[in-house]
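Q: I am new to this structure and would like a close look at a single part of it. Please take me through one sheet, strand by strand.

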Amino acid sequence: MKALYPLAAWLILTIGATAARGDGGAMLLHQDAGAFTITLFAAPQPLRTGDADLSVMVQDRTSGEVLLDPAIELTVAPESVSAAPQTVRLAKGQAINRLMQACTVQFSTVGKWRLTLVVRRGNDSAQLSTECTVEPDRSRATLVWFYILLPVGIILLFVIHQVLKLRSEGKVP
Amino acid sequence: MSDGISQAAWSSWSFPFWATTGLLATALLYLRGWRKIRRTRPLTFPPWRAWCFLGGLLVLWFAIASPLDTLDGLLLVAHMTQHLILMSVVPPLLLLGAPAVPLLRSLPRSVLRDGLGPFFRAQPLHRIIHLITHPVFGWLAMNIAYIAWHVPQAYELALRSPGWHAVEHACFLGTSLLFWLPIIQPWPTVGRGSRWAMLPYLVGADLVNTGLAAVLSFSDRVIYPSYAAGPRVFGISALRDQAAAGALMWVIGSIFYLVPLAGIAIRLLSPQSRRLAAGTLRQGSIPGPQPGRRFDLLNLPLIGRLLRWRYGRMALQSVAFAAAVLVIVDGFFGQQMGAMNLAGVLPWTYVRAFGVIALLVLGNIFCLSCPFMLPRELGHRLGLARLKWPRWLRSKWIAIALLILFFWSYEAFAIWDHPQRTAWLLIAYFAAAFLVDTFFRGANFCKYICPLGQFNFAGSLLSPFTLEAKSHATCERCTTHDCITGSQQQRGCELQLYMPQKAGNMDCTLCMDCVKACPHDNIGLFAIAPVRDLLRDPVRSSIGKFSARIDIAALVLVLVLAAFVNAWWMVAPSALGKYLALAVLLAAAVTALAAAHRSTRKELFCRFSQALLPLGLAMWAAHLLFHLITGWATLDPALHQAAADLGWHLFAPAHWVTVQPLLPANTLLSVQLLLLDAGLLLTLYLGWRLAQQWATNAGRAILLLLPWATMVAVAYATGVWIMLQPMQMRGVMMNP
């Protein structure tokens with residue numbers, strides 16, 4: 001029994017190390033435009049229908065210094081269906097990484113979407129766009145399956161527990 | 001780099017909710033166990049051990065929540081610092097806290113003995129432990145993980161995917177704990193092999209670290225493409241960033257290996273230290289069990305004082321009574337749309353949900369603060385209560401009939417959407433409580449008639465607190481029995497629950513009369529295992545044995561079935577209840593038949609019906625939580641609306657807008673499914689334990705349980721299906 005103590009402590013402590021990452025996600029775009037170098041990150045990756053976090057880092061094109069105060073607008077529109085484009089203003093407060101600005105965008109349909117960024121700072125402005133593919137959202141299905149399989153796992157563990165217990169009591173050969 | 005950018009970078013803290021909660025819980029568990037074990041082993045567990053462990057948790061939190069984590073995708077040096085902390089700072093600190101025994105001692109003894117005990121005694125597990133705690137295994141595991149995760153493909157995978165990144169961190173921490181185990185040798189671990197072996201052990205690890213650090217430092221190309229393709233911050237090129245990361249690993253990483261190496265060498269060369277170390281190891285043995293102290297809620301400073309206070313209950317009842325009066329007045333004279341009226345919002349969205357949550361986390365709080373008891377008290381004081389409640393009515397059947405009538409009329413007459421009907425219902429409740437208890441002695445309305453009370457009584461069988469005698473010896477010596485007979489200053493239990501024979505929460509309104517009446521201060525509100533009450537079948541005061549009470553079994557069945565039918569009605573009205581009821585009866589009948597030769601069908605029916613309670617209550621909680629979470633912001637405008645409708649110019653006009661639910665849809669669904677999972681598991685556990693009581697061996701117990709468990713699984717699946725359907729947004733105002 002003494003030898004098993006480290007295992008229990010090891011399991012408890014290791015679980016604590018798995019934490020969610022900050023914003024950022026995968027890089028969708030990194031490009032020079034006007035006076036800026038603009039990098040667009042998206043999470044989750046690949047993008048799926050539903051809410052997505054988009055973060056933008058703007059740097060001075062010549063010095064590479066991070067610019068904290070540009071006004072950034074992001075417009076997203078699906079390419080295949082005629083839906084009204086969504087335009088959102090990014091905010092510094094929404095990003096965990098304070099070098100970036102972020103927003104939450106809802107991708108309602110599966111398929112190709114066009115993302116257009118407009119960055120303004122003083123007299124400088126720049127616009128660039130990129131395309132991304134949005135895949136079907138499986139998060140709900142994954143979540144449901146996880147919670148259905150969770151009791152199955154616990155029941156299996158309990159069965160092992162009972163077999164071990166009954167065996168130690170001599171009730172099972 | 002400007003100050004603004006530096007400030008922005010350093011303010012980039014995240015708050016990983018689950019990890020933070022887990023670390024806090026681990027810290028609390030450790031402290032609890034450390035305090036316990038320190039009573040018997042103060043020399044083995046001095047305060048510095050606790051400081052080391054808590055420091056380790058704090059540094060771990062820093063590694064995953066600080067800007068190091070936020071910037072790791074942009075700067076390799078930040079990422080390497082994070083890894084260094086996870087591998088070389090956190091594990092030694094945690095192990096210096098000798099956490100194994102304190103963490104285990106913090107758990108209840110029954111969990112250790114019955115829950116974990118069989119696993120701890122299993123030989124295969126012993127062999128696995130023996131293997132993974134071997135120094136060779138720890139050395140290989142840590143170094144292989146270290147090298148493997150720094151291969152560009154694996155490293156890039158972790159950068160791209162938060163899930164793999166978490167796995168990477170867990171690998172680093174887990175294997176490093178194994179690596180540092182033979183070096184630190186936390187109590188009660190005993191060293192394996194010579195202590196001299198730790199010298200090449202550490203030198204070897206440092207060589208691996210040096211090799212990897214050299215590759216990073218001297219490479220003339222960027223090894224990890226993400227850093228080359230991404231934005232560069234702070235004016236550092238990707239290559240310089242990589243060289244800096246390599247230098248950090250080389251210098252700081254080596255220090256973490258070489259300092260303990262020097263320490264061990266010095267100790268080995270000092271004969272005095274050797275003797276001391278041997279002495280400490282000999283001291284190590286598993287401490288014997290400590291008598292546990294029970295947690296008494298009445299000992300808490302604020303809650304305990306309120307509950308013990310002579311007018312405590314009346315104060316709570318007065319607030320509830322005022323709310324009930326307001327609901328009645330608004331129900332009659334206010335806006336007649338349910339979602340905009342207090343009568344449609346307060347009882348059906350808030351009180352029901354909070355009532356069920358309170359049952360699960362505390363106890364029968366609704367009955368404690370029941371507003372219907374105030375007029376009844378008035379009736380009592382009229383002195384007309386001379387009649388005895390007829391013996392043939394002393395059961396739950398009237399209440400069950402009323403409960404079924406209520407569930408049916410709630411849907412048939414859409415009471416939730418008709419404020420006036422809700423107001424009439426409350427008036428009828430007040431009148432019934434007043435009339436019954438004005439003319440009959442005792443608390444017959446609560447015990448035999450009140451459907452709401454029966455719901456709470458049944459639900460409270462799963463509550464984690466119960467009123468119990470602190471010492472049965474004191475009860476045996478007591479000659480006055482004030483807890484039931486009362487005294488001149490304080491009445492005793494009106495529900496005839498005699499404390500020495502009271503078991504569990506059935507029929508207990510938590511009125512605290514017994515607590516206040518006991519002259520020996522011998523009654524506490526103790527924490528208990530939530531299913532304990534349903535596992536035992538003692539003769540209960542004023543109730544008898546559960547296995548002989550078909551009415552109580554029927555009450556639980558109604559509660560369980562109503563949970564599914566009521567929720568089903570919200571998504572697609574149909575005859576589910578009928579079929580489910582048939583399924584329950586069929587399963588109960590089959591189960592009873594299976595063991596008819598051993599016991600009576602009645603006993604089996606009663607006990608197995610009661611075992612369904614966790615699933616039923618989980619279904620109620622999952623359903624009512626939906627309404628609370630989606631309609632959480634309705635009370636404020638409903639109050640404003642009520643004031644305006646009643647001509648009280650107390651607030652600004654109601655502002656009806658659509659408000660986001662309190663939790664995102666997937667989080668709410670997670671909570672609901674987790675509740676159902678817990679309900680299913682507890683129900684099956686109860687069923688298994690009951691089956692073991694009747695069956696002679698495990699095989700017969702499984703046979704006995706199988707039809708019943710199948711029905712439980714079907715009910716669980718139905719519950720999951722219902723939760724996945726779009727539910728009617730009752731009590732929520734949607735842009736009128």
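A: What follows is a walk through one sheet of chain A.

The model is a predicted one, and the sheet chosen here is an open one in chain A, built from 4 strands in the order 6-5-8-9 with antiparallel pairing. Strand 6 (86–89) and strand 9 of chain A stand at its edges, and because each of them has a single partner strand, one side of each is left without a neighbour in the sheet. Between neighbouring strands of this sheet there is a turn of 20° on average, with direction ignored.

Moving inward along that order, strand 5 of chain A, which covers residues 71–78, is joined to strand 8 of chain A by 8 bridges, and the two run antiparallel. Within this pairing, Val76(A) has Leu115(A) of strand 8 of chain A standing opposite.

Strand 8 of chain A, made up of residues 111–121, also pairs with strand 9 of chain A, residues 124–134, again in the antiparallel sense and over 11 bridges. One of the places to find this pairing in the view is Val118(A), whose bridge partner in strand 9 of chain A is Gln127(A). Strand 8 and strand 9 of chain A together form a hairpin, with 2 residues between them, and in the turn Gly122(A) has a positive phi of about 60°.

When following any of these strands by eye, it may help to know that in a regular strand the side chains alternate between the two faces of the sheet. From the hairpin turn with Gly122(A), the path continues into strand 9 of chain A, which brings the reader back to an edge of the sheet.

Terms used: Residues numbered from 1 in each chain as written. Chains lettered and ligands numbered in written order. Predicted model: local features only at pLDDT ≥ 70, side-chain atom pairs only at ≥ 80, totals over all residues. Pairing = 2+ DSSP bridges. Axes fitted to C-alpha atoms, helices over the stretch in contact; angles between N-to-C directions.
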